[in-house]
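Me: Hi! Could you walk me through this model before I get back to the bench?

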Amino acid sequence: MSATDQGAPGAERTLGQLVAAATAEMSALVHDEIALAKVEIKQDVKRAGIGSGAGITAGVLVLFSLPVLSFAAAYGIHNLGLGLAWSFLIVGGVFWLLAGLVGLLAVSKFKKIKPPVKTMDSVKQTAAVVATVKPHPRPVSDQAVGVARSSS
């Protein structure tokens, strides 16, 4: 191989060689970026899986503790001198009150949900711009017409 083929300093490369080198380098860059993204995503998915498992475990433990804490609260109120039935009714009423407050919070948050107005406006603007664009007429050579006619 000559110095021109090897890309030695000071050697001039042809346009074809420059395009081939640029294409190869861009392809390698894209492949490297994809590989990096795969590694990062794999790490994030693993972390998300571990975090989800820990969150679900914590939720299950809290869910299992609610009956025990409810009984403890009811018996604690009973020890203050109130009847056992009234103690359980108070604990149940507190749960209903909390559920109602959380429900009101959920309803207020759902009412604030609106359609993506900015996105819809942007899509409409883009569609309007694309609709006005017309292709530039290209002159058709006699050879192209002949090829098109012969293939149909």
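Reply: Happy to; we can take the overall fold, then a serine, then some aromatic rings.

Reply: This is a predicted model, where local features need pLDDT of at least 70, side-chain atom pairs count only at pLDDT 80 or more, and totals for chains, interfaces and linings use all residues. Residues are numbered from 1 along each chain as its sequence is written, and side-chain values use heavy atoms, leaving out hydrogens and water.

Me: How many helices and strands does the protein chain have?

Reply: Five helices and zero strands; these are DSSP runs, H or I of at least four residues for helices and E of at least two for strands.

Me: Is Ser70 buried or exposed?

Reply: Ser70 is buried, at 15% relative accessible area (buried is under 20%, exposed over 50%, partly exposed in between, with a 1.4 Å probe and protein chains only). Ser70 sits in helix H2, residues 15-79.

Me: What does the side chain of Ser70 have a polar atom 2.7 Å from?

Reply: The backbone oxygen of Leu66.

Me: New topic: how many aromatic pairs are there?

Reply: Two. In one, the ring centres of Phe71 and Phe88 are 5.3 Å apart with planes at 75°, so the pair is edge-to-face (rings of Phe, Tyr and Trp, its six-membered ring, pair with centres within 6.5 Å; planes under 30 degrees apart are stacked, over 60 edge-to-face, the rest tilted). That pair links Phe71 in helix H2 with Phe88 in helix H3 (residues 84-111), 17 residues apart.

Me: And which residues form the aromatic cluster?

Reply: Phe71, Tyr75 and Phe88 form one cluster.

Terms used
Polar contact = N/O pair within 3.5 Å; in protein donor to acceptor, adjacent residues only side chain to side chain.
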